[in-house]
Amino acid sequence: MTLRDIAHARTGDKGEICNVSLIAFEPRDYPLLLRTATPDRVKALFAGVVRGDVTRYELPHLGALNFVMAGALGGGVTRSLALDPHGKSLSTLLLDLDI
Amino acid sequence: MSARPLRIGCGAGYAGDRIEPAVELVERGHLDVIVFECLAERTIALAQQAKAADPDGGFDPLLEERMNAVLPEAWRRRVRIVTNMGAANPPAAAARVRAIADRLGLHGLTIAVVTGDDVRSIVGGGGFTLAETGEAAAADTVVSANAYLGAEPIVEAIRAGAHVVITGRVADPSLFLAPIAVHHGWRLDDWTLAGSGTLVGHLLECGGQVTGGYFADPGVKDVRALARLGFPIAEVAADGTAMITKVEGSGGQVTRATCAEQLLYEIHDPSAYFTPDVIADFTGVRITDLGDDRVGVAGAAGRQRPGTLKVSVGQLDGWIGDGQISYAGPGAVARGRLAGDIVRERLQIVGVPILELRTDLIGVDALHGPRADRAGDPYEVRLRVAARTASAADAWRVAREVETLYTNGPAGGGGATAAVRQVLAMRSTLIPRDRVSWRVDYLTVGG
């Protein structure tokens, strides 16, 4: 079972910082998101694409978490050498985290 | 002050967005206002370069196509238009819109032009440090510097009776907050209401991203009729609460899930979303699914607006050369990796000066990096070599080195491409408000 079974996600970009939201389909699964998607586990999962810190914000009203990742976009969207300079595809990496 | 809710739609979420959903919104959305948000971070720097080449250029390339499509019906129904399609040259954009309105005979239509966001001469004058590099913004490398204006100039334009408001760099949510604030008679320093209007703007500013775009995942999150995706509408009440919806019968969907994803899109700390108008707080927001593509949002808050404005600075930053070639069938991954190793060695042998080099195997590690926990080779892969160089000539040498794999590389390499682009890096700095002075000018058709 992975996060994709209980949650959905979206990536946004600003300069060299990427954010990935993680939202429970059912509010009752929010505590499971909190336990599963710890900042350390997320940082390890994103080791291949994120150099900097991972900060987690909690939004219990929405049953959601927001991960802000520094140094994620290869020098920033406008100058990155990456195929996906915005990191648009990164949300699906988070959803692949094992529960 | 009006007790009636304001109906505001978003007709574009970026410069190249679809046009006919905006026409559908104007014709069938029962709108008071339609906003076209067409100015991404880098778009304005590219527009400044276009303006440098042609003093009458530098506005949105699709301005005339969009206006021809929506202006007659928007005028007939008195749907106000607010847009940042002026990009680097709002006066030139306004002149084009006036010419279109003249030809269509829309007598009495008033166009407002907001200027003052261009602060290149101030930033180039020294004393500004770029947040990303810690270096001074040197005049000789800065292509553009545009401050993010807030809702104020648009509020002034609408109060003066403008039917079309054309701006350059304005914060995206401010394009929405302004008409909402005018309609309901809000004070812009009521920070809770400013936070509420900013939330509505934030939800709508990317167009189809809140109505089912950037969302579908077949079998898990299915969305119907994405080819006919409807663009969003917000019905905003005087107390700042809103209902998000779309035109009945259009494709896509508006649900708690689509709204929650968009709420957090490009947000860092959800308790402190900085705009020129307010420091908005989205942590208390509640999203309620009302059914039939209607979603209620309430609970946004805000604190006093920041004392400085963000400035988007465009800087030339070398070139990128990009070469690609594909491999398929048994051993495709091994041949792709061999090809990448060959190119790296070749670049050293021929001595191309490279500032940064990256090789990816598309299908294996290009998007998410290496995943040791994922077994099994894909049937097809594509080698991508990208390098940053100081000159265009060196970038071409990198890209062409990949192409030479046709006759000099592993077996079965096909579909080689080579591309080179100049890098226009976007950076940012802060400017005190009192150093930025905006103004609004008006053009009236047939007047």
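**Helix 10 and helix 11, chain B**

I started with the contact between helix 10 and helix 11 of chain B, in what is a predicted model. On the helix 10 side I listed V343(B), R346(B) and L347(B). They meet V398(B), E401(B) and V402(B) of helix 11. I sorted these contact residues by class and got 4 nonpolar, no polar and 2 charged.

Next I took the geometry. Helix 10 covers residues 332-350 and helix 11 covers residues 392-403. Their axes come within 10 Å and cross at roughly 135 degrees. An angle from 115 to 145 degrees counts as oblique, so helix 10 of chain B is oblique to helix 11 of chain B. I noted the handedness too: helix 10 passes helix 11 in a right-handed crossing.

**Helix 6 and helix 7, chain B**

I moved on to helix 6 (residues 152-159) and helix 7 (residues 172-184) of chain B. Their axes lie 8 Å apart, and the packing angle is about 40 degrees. The two helices are therefore oblique to each other. This crossing is right-handed.

I then looked up who touches whom. Helix 6 of chain B brings I154(B), V155(B), I158(B) and R159(B). Helix 7 of chain B answers with S174(B), L175(B), A178(B), P179(B), A181(B) and V182(B). By class I have 8 nonpolar, 1 polar and 1 charged residues in this contact.

**Helix 7 and helix 8, chain B**

Helix 7 of chain B also packs against helix 8 of chain B, with the axes 7 Å apart and an angle of about 125 degrees. That angle makes helix 7 oblique to helix 8. I recorded a right-handed crossing here as well.

The helix 7 side of the contact includes D172(B), P173(B), F176(B) and I180(B). Among the helix 8 residues are A194(B), G197(B), H202(B) and L204(B). The class split is 9 nonpolar, 5 polar and 1 charged.

**The 10-strand sheet, chain B**

I traced the sheet next. Its 10 strands run in the order 11-12-8-7-1-2-3-6-4-18, the sheet is open, and the pairing is mixed. Strand 11 and strand 18 (439-444) of chain B stand at the edges; each has a single partner strand, so one side of each is left without a neighbour in the sheet. I took the turn between neighbouring strands, direction ignored: it is 20 degrees on average.

One pair I checked in detail was strand 4 (residues 110-115) with strand 18 of chain B. They pair in the antiparallel sense over 6 bridges. V113(B) has D441(B) of strand 18 as its bridge partner.

Which strands does helix 6 of chain B touch when it packs on the sheet? I found strand 3 (80-83), strand 4, strand 6 (164-166) and strand 18 of chain B. The direction of helix 6 makes about 160 degrees with that of strand 4.

**The 3-strand sheet, chain B**

An open sheet of 3 strands follows in my notes, with the order 9-10-13 and antiparallel pairing. Strand 9 (273-274) and strand 13 (301-303) of chain B are its edge strands, and each pairs on one side only. Strand 10 (residues 279-281) is joined to strand 13 by 3 bridges. I found D281(B) standing opposite A301(B) of strand 13.

Helix 8 (residues 191-204) of chain B packs on this sheet. It touches strand 10 and strand 13, and its direction makes about 120 degrees with that of strand 13.

**Domains of chain B**

I pulled up the domain assignment for chain B. Domain 1 is given as 6-312 + 429-444, and domain 2 as 315-427. The domain centres, taken over C-alpha atoms, are separated by 38 Å. Domain 1 gives 12 residues to the contact and domain 2 gives 5 residues. On the domain 1 side, helix 2 (43-53) and strand 5 (142-147) of chain B are the elements that give two or more residues. I sorted that side into 6 nonpolar, 3 polar and 3 charged.

**Chain B against chain A**

Last, I looked at the contact between the chains. Chain B puts in 40 residues and chain A puts in 29 residues. Elements of chain B that each supply at least two residues include helix 9 (256-263), strand 14 (308-328) and strand 16 (380-389). Which strand of chain B gives the most to the side that touches chain A? My entry reads strand 17, with 5 residues. By class, the chain B side divides into 20 nonpolar, 6 polar and 14 charged.

Conventions. Residues numbered from 1 in each chain as written. Chains lettered and ligands numbered in written order. Predicted model: local features only at pLDDT ≥ 70, side-chain atom pairs only at ≥ 80, totals over all residues. Axes fitted to C-alpha atoms, helices over the stretch in contact; angles between N-to-C directions. Helix = DSSP H or I, 4+ residues; strand = E, 2+ residues; numbered from the N terminus. Parallel < 35°, antiparallel > 145°, perpendicular 65-115°, else oblique. Left-handed = near helix turned anticlockwise from the far one by under 90°. Contact = placed C-beta atoms within 7 Å. Nonpolar A, V, L, I, M, F, W, Y, C, P; charged D, E, K, R; others polar. Domains from an automatic or database assignment. Pairing = 2+ DSSP bridges.
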